[in-house]
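Reader: I'd like a close look at one part of this model, strand by strand, with the pairings spelled out. After that, could you tell me how that part sits in the rest of the chain?

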Amino acid sequence: MHFLLFLSFFLAGIHTLLAQAPKKINIEFSDFADVNQTEIPDALLLTGNVRINHDGAILTCNKAYYFQKENYIKAFGNVQIVQGDTLFMNSKYAEYNGNIKQAYATGNVVMRSPEMTLSTDTLNFDRKIQQAFYNSNGTITNKDNTLKSKSGRYYANEKKFQFLTAVTITNPKYVVKSNHLDYYNNSGHSYLFGPSTITSDQNFIYTEKGFYDSKKNVGHFLRKSYIKYKDRLIEGDSLYYNRNIEFASATNNVKITDSINKGIIKGHYAEMYKQKDSMFVTKRAVAINLVDKDSVYIHGKRLLVTGKPDNRIVRAFDNARIFKTDMSGKCDSIHSSQKTNLTQLIGKPILWNFDNQMTGDVMHLIGNDNTQKLDSLKVLNNAFLVSKDTLGTGYNQVKGLNLFGKFRDNKLYEADIVQNTEVIYYMRNDAHELIGINKNVSSKINLTLDGNTIDTMTFFTNVDGDIYPEKDLPENARKLRGFIWRGDERMKTKDDIFPPEENELNDKIIKASKDELAKENIPMKIRKETLNYDKKKKK
């Protein structure tokens, strides 16, 4: 019984060893066969229509040396190695080791599969792991692209090329360059790692970690990435791009630089349609425009930018705000036109110029085309101008139907308030002593201002009122109907235009981005759509 059990184990072991032992090369056909121990010792010389079979691979050539002891072949002239119906390799010369199932080919080497053709001078192919590699400049062509590189490795099972030296992909629409690229020739998917570029007539893309689908013409770029057009630069932690419709979206630390209009738009999410010349930005969105060595900031929960460079319009929605060093304001929405140099504050607008507070139903800020400075201001319906008395606790107030102001060096220096005007003004002498409170009504008031103070005040037509000593004018008579002082809402820095929750979000995103950049850059994980491409294709 023990002997039979031992014998069965022994025979099973022998069977396993035989199964693992290298298969012998099988010579299927040759016009002539000869042995020449002097010229080629221990080799069988095969000449004419040589056909050799080894473990599912067929080798054909004009002449071959077969070394039986080494299970080794040297093949000459019109060499072809065929593996099933998926891989064909042609060359002038090849060597094949049956023990380790490795092939070496040189001289106009061409490897073909249903999806691609590889041309190089020298190629090594390991059948055990189904990998081919070259170090002698190679060109890969398929239906969509041409790839050139100094070296490369082909993974037959995955249908993937990997390049770790300079590689160039040429497509009719663009050119890709990288020093580390994984390319799947069945799906046309490229995985870029390290400094890489995609150049086309429309734009220039840079990334240090990215994905590009050459069949669908879409890409996703993750590290230090940007898209550069002729008139703008798009940056962000994560960029998505669709070449077919010229659409791009960016997430986190988004920055769009307008080189023509000297403007910058920032946020943490943006969508751009190049063909429509439109852009949508949200999450701490702000449009920054350079005006006379100063920057104007426009913020809204949502920003919409439309129009060509010479006719660009910025719209800010939901709690819109505007800021520059000498002016700030807020309203429900802002409409700013590059062509007309008109910025409209719509929906409960309020504006501060230095310490002057202005309110009304609608406000228009008009710029000067030549100087690129603020030229004039319109406050339409329920215009109200308020400033604090410089030394006391009172407030200078002027109200009327409309206000028309003029700027000099971006400072409001003159204003006309028209129709049903009313005024309360604290009058002081040269020693800054209060001499009385002017309270009257008229048809029109002209003001000249010097920074924070009213310099002169002129009343026109149907003037009715008086100058009251301070003690004779009670507190409840020192404020015009509709008076509200909102100085605590005034924005004094550019960061004040953002709500606290947006600043908190901004701090979190910036920290997360810095932490990510501090980590070692590693290649992007291969997507399921790449790994399952052939399965989906069959379905």
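Author: Let's start with strand β22 (residues 238–242), which pairs with β23 in the antiparallel sense over five bridges. This is a predicted model, so take everything below in that spirit. Within that pairing, Ser 238 stands opposite Thr 251 in β23. The two strands, β22 and β23, make a hairpin with four residues between them. In its turn, Glu 246 has a positive phi of about 50 degrees.

Now for the other partners of β23. Strand β21 (residues 232–236) also pairs with β23 in the antiparallel sense, here over four bridges. If you want a register for that pairing, take Ile 234, whose bridge partner in β23 is Ile 256. Going on along the chain, β23 is joined to strand β24 (residues 263–273) by ten bridges, and these two run antiparallel. There, Ala 248 stands opposite Met 272 in β24. β23 and β24 form a hairpin as well, with four residues between the strands, and Lys 262 takes a positive phi near 55 degrees in that hairpin.

β23 also carries one end of a salt bridge. Asp 258 pairs with Arg 312, and their closest N and O atoms are 2.4 Å apart. Asp 258 lies in strand β23 (residues 247–258), while Arg 312 lies in the loop between β26 (294–306) and β27 (313–324), so the pair ties together parts that are 54 residues apart in sequence. Are these two residues, Asp 258 and Arg 312, buried or exposed? Both are buried.

What about other charged pairs? The count for the structure comes to 22 salt bridges. One of them brings together the side chains of Lys 159 and Asp 534, at 3.0 Å from N to O. Lys 159 is in the loop between β12 (152–155) and β13 (160–163) and Asp 534 is in helix α4 (residues 533–538), so this pair connects parts that are 375 residues apart in sequence. Asp 534 counts as partly exposed, with 23% relative accessibility. Another salt bridge has the side chains of Asp 326 and Lys 324 meeting at 3.0 Å, N to O. Both Asp 326 and Lys 324 are buried. There's also a network to look at: Lys 23, Asp 55 and Lys 101 are linked by salt bridges. As general background, side chains of opposite charge can pair when their charged atoms come close.

For another set of hairpins, go back toward the start of the chain. Strand β4 (residues 57–67) and strand β5 (residues 72–83) pair in the antiparallel sense over nine bridges. Here Lys 63 stands opposite Phe 76 in β5. The β4 and β5 hairpin has four residues between the strands, and Asn 71 takes a positive phi near 55 degrees. β5 then goes on to strand β6 (residues 87–97): ten bridges join them, and they run antiparallel. Lys 74 has Glu 95 as its bridge partner in β6. In the hairpin of β5 and β6, there are three residues between the strands, and Gly 84 takes a positive phi near 60 degrees.

On to the cysteines. Cys 61 is buried, at a relative accessible area of 4%. Cys 331 is buried too, with a relative accessible area of 6%. As for disulfides, the structure holds zero.

Finally, here's the rest of the chain around those strands. The secondary structure of the protein comes to four helices and 38 strands. The radius of gyration is 40 Å, whereas a compact globule of 539 residues would have one near 24 Å. Along the principal axes, the C-alpha trace spans about 130 × 65 × 45 Å. Of the 539 residues, 48% are buried. If you look at contacts between residues at least 6 apart in sequence, 39% join residues at least 24 apart. The accessible surface comes to about 28000 Å², with 52% of it belonging to carbon and sulfur atoms.

To come back to your strand: β23 pairs antiparallel with β21, with β22 and with β24, and its Asp 258 forms the salt bridge with Arg 312.

Terms used
Residues numbered from 1 in each chain as written. Predicted model: local features only at pLDDT ≥ 70, side-chain atom pairs only at ≥ 80, totals over all residues. Heavy atoms only, no water. Disulfide = S-S within 2.5 Å. Buried < 20%, exposed > 50% of the residue type's maximum accessible area, 1.4 Å probe, protein only. Salt bridge = Lys/Arg side-chain N within 4 Å of Asp/Glu carboxyl O. Pairing = 2+ DSSP bridges. Rg over C-alpha atoms; globule rule 2.2 N^0.38 Å. Contact = heavy atoms within 4.5 Å. Areas by Shrake-Rupley, 256 points an atom, 1.4 Å probe, with all protein chains shown as cover.
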